[in-house]
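Open the structure in your viewer and keep the selection tool at hand. The stops below go from a sheet to the domains and then to the contact between chains.

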Amino acid sequence: MITLKNLTYAYRKGVEALSNASASIGGGIYLLLGENGAGKTTLLHLTAGLLSPAKGECLIDGSPVSERRPEIMSRVFFLGDNMDFPFVSIEEMTRCHAVFYPDFDPEMLRRNLDRFGMTGRERFSRMSLGNRHKAQLAYALALRTEVLLLDEPANGLDIPSRLHLQSMIAECVTPDQTVIVSTHIVSDLRNLYDGVLVLSRGRLVLADTVDSLLQRVSFTVTSEPPVAPLYVERRFNAYHAISPADSCDESCDVDYELLFKALLNDVKL
Amino acid sequence: MRLLNYYMPRLKKQLILYPVISVFLYMLIFFTLRWDGAPFIALIVYNIIYMMLFFGALIFASRNGMEIDTMLPVDWRRKALFLLVYTFIVVPLLVVVPIAACYMLTRQWLVVSPLLKEAYAAVSTLISGRYITCTVIGNMLPMAVCLYCVTSIRHNRIILSVVWTIVTCMIQSFIGGIYGAFIAFRQGFSDGYNGVELSSDEIASRLLNEISLLITPMEIFFAICTIFVIVITCRAIKGRQI
Amino acid sequence: MPLRAGRYDSLPMDFNENKPIYKQIVDLSHARIIADEWHVDGRVPSIKELSVELAVNNRTVLKAFEELQSQGIIYSRRGLGYYVSPEAPRLILEARRAEFFNETLPELRERMRLLGITLSDIAPHLD
């Protein structure tokens, strides 16, 4: 359970990367959306304890992450976009690093690597960027930390690998884990999300589960313009709209791109 | 300890290389003792050894991955203790023990003429001010600075660590040199003033005597600096920001 | 050492954007039962298994299974999982027929009206 309380961070004086973010994030796979520079990576860094907030705090299971207590740090893992592992291979990493994470599952790691066609003995220096990323993802999922933060996980992955990642996340993540996926490519894991977080210009404008969201609004695709939508967009010859939940019968699944655009246009949901 | 296991892949190289280099350097001196250029070779070897000590902490910067290091679920005090013990105890041992061992084994073959000994002393003390002012404690300061840079600098870690360590050495030598020269001049003036005529040898030895008595304030100053750097290093380990 | 290609046999399927996923899973289940991939009185993959296979959230599969249960297509046996009910093929066929008469046919009729096509126009094509 992640709790954000008025989380604020500024890289330079006067430029707040994140302002007053507050939310309660339970178990599940969450999508973190935001424009470039909106503060997504900052939020993930703060949640992982890699940065200390200027104001406010981020709590994991009630304890502030910025204190970096070992009991809490062993429950979080952050995998960045272009992160380096200080070891030559996944095998070395497993030997020297995985021991610090009590829920690490070596069998899961072996299965994940196998899916990507790797053994774990390959040297990072000899791998392409995409393959290195795949190995890192396989490892990060196998750590089975309570909180897993992924920054652009599908970056650099070819299409089959993206699909493998999708399956891997479906298979490896259990309901008690919280996974936050920050990405621009919504389509990849679209069917997996339990909740969504949206950052706009440093402000957390939405932090909700999909279920809760769908109780408030509906996403519809119609050939006729909708009656009283909160936000509507015309794509080809269909109207994609977000409307209050009671005003229509059946909602489609959440259209994240539409949701994002609506929130960027300051629509209140 | 798990922490040792964690750092071991990085430290392996140093644990093997340092003793080997130390032995090699000792052999270099040993086999060139009778040469004319022996004192200068010794000076070079001295400096290489000092560099090995000062830059020992660089090994922790040898692999990128500050995020993994920072996220590691280990109490910051343990991390700090590990780094400090390694930098200030293990690294010097890696350098000194092989040399001491070689010395023990080859002592009987060491033939050094008294003239050569004097030449050694003179060359060493005159060329580098650090030998006047620095003892064990003084040498800890560059090591501490290197460790601090390695733990707190984010970009261009290795280059900047090297630069700052060298700057520290230069400042120490500079301070030592000025201090020593100041003391020497004061001595020289007072003796000359009193009309005492001394041979150059006697001047040199009296100089060294007086100066060695005055090392203490210098030592204390460097010790305080070292402690300060160690404290901010611990703070950096505790609150390192990415 | 070149990397082996990852396994391609277990890639999740693509879902249509416009229909709720859980409904598409219901359709998928119908199709598998009709095709006898899931046998009558046989065990249906667990929610977890299916969610992994399709790379879809557990909740969504659960919703689909609840729908299938309410349709009488599957039933659950405590501790053992979900099973295909014996009437399932018949029910599915009936549902499909109903869908044809309630949705496909009116749509076709409307289309024919818009295009000015009469019954006699299409009769030869239906044999």
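Start with the open sheet of chain A in this predicted model. Select its six strands; their order across the sheet is β6-β7-β8-β3-β9-β10, and the pairing is mixed. Strands of a sheet pair through backbone hydrogen bonds, in either the parallel or the antiparallel sense.

Which strands of chain A stand at the edges? Select 76-79 for β6 and 203-209 for β10 of chain A. Each has a single partner strand, so one side of each is left without a neighbour in the sheet. From one strand to the next, the twist averages 15 degrees.

Next, select residues 147-151 and 178-182 of chain A, which are strands β7 and β8. They pair in the parallel sense, over five bridges. To see one residue pair, pick A:Val147: its bridge partner in β8(A) is A:Thr178.

Now add residues 40-48 of chain A, helix α1, which packs on the sheet. Colour the strands that helix α1 touches: β3 (28-34), β6, β7, β8 and β9 (195-200) of chain A. The direction of α1 of chain A makes about 155 degrees with that of β7(A).

**Two domains in chain A**

Colour chain A by its domain assignment, with 2-201 as domain 1 and 213-264 as domain 2. The C-alpha centres of these two domains of chain A lie 30 Å apart. How many residues of each domain are in contact with the other? Seven residues of domain 1 of chain A are in contact with six residues of domain 2 of chain A.

Stay on the domain 1 side of that contact in chain A. Both β3 and β9 of chain A supply at least two residues there. The largest share, three residues, comes from β9(A). By class, this side of domain 1 of chain A has five nonpolar residues, one polar and one charged.

**Chain B against chain A**

Finally, show both chains and select the contact between them: it takes 23 residues from chain A and 22 residues from chain B. Which elements of chain B give two or more residues to the side that touches chain A? Select 2-31 and 66-71 of chain B, which are α1 and α3. The largest share of this side of chain B, six residues, comes from α1(B). Colour by residue class to end the tour: the chain B side that touches chain A divides into 10 nonpolar, six polar and six charged residues.

Methods
Residues are numbered from 1 along each chain as its sequence is written. Chains are lettered from A and ligands numbered from 1 in the order in which they are written. This is a predicted model: local features need pLDDT of at least 70, side-chain atom pairs count only at pLDDT 80 or more; totals for chains, interfaces and linings use all residues. Two strands pair if DSSP finds at least two bridges between them. Helices (H or I, at least four residues) and strands (E, at least two) are DSSP runs, numbered from the N terminus. Axes are lines fitted to C-alpha atoms, for helices over the stretch in contact, and angles run from 0 to 180 degrees between N-to-C directions. Two residues are in contact if their C-beta atoms, placed from the backbone, lie within 7 Å. Domain bounds come from an automatic or database domain assignment. Ala, Val, Leu, Ile, Met, Phe, Trp, Tyr, Cys and Pro count as nonpolar, Asp, Glu, Lys and Arg as charged, and the others, Gly among them, as polar.
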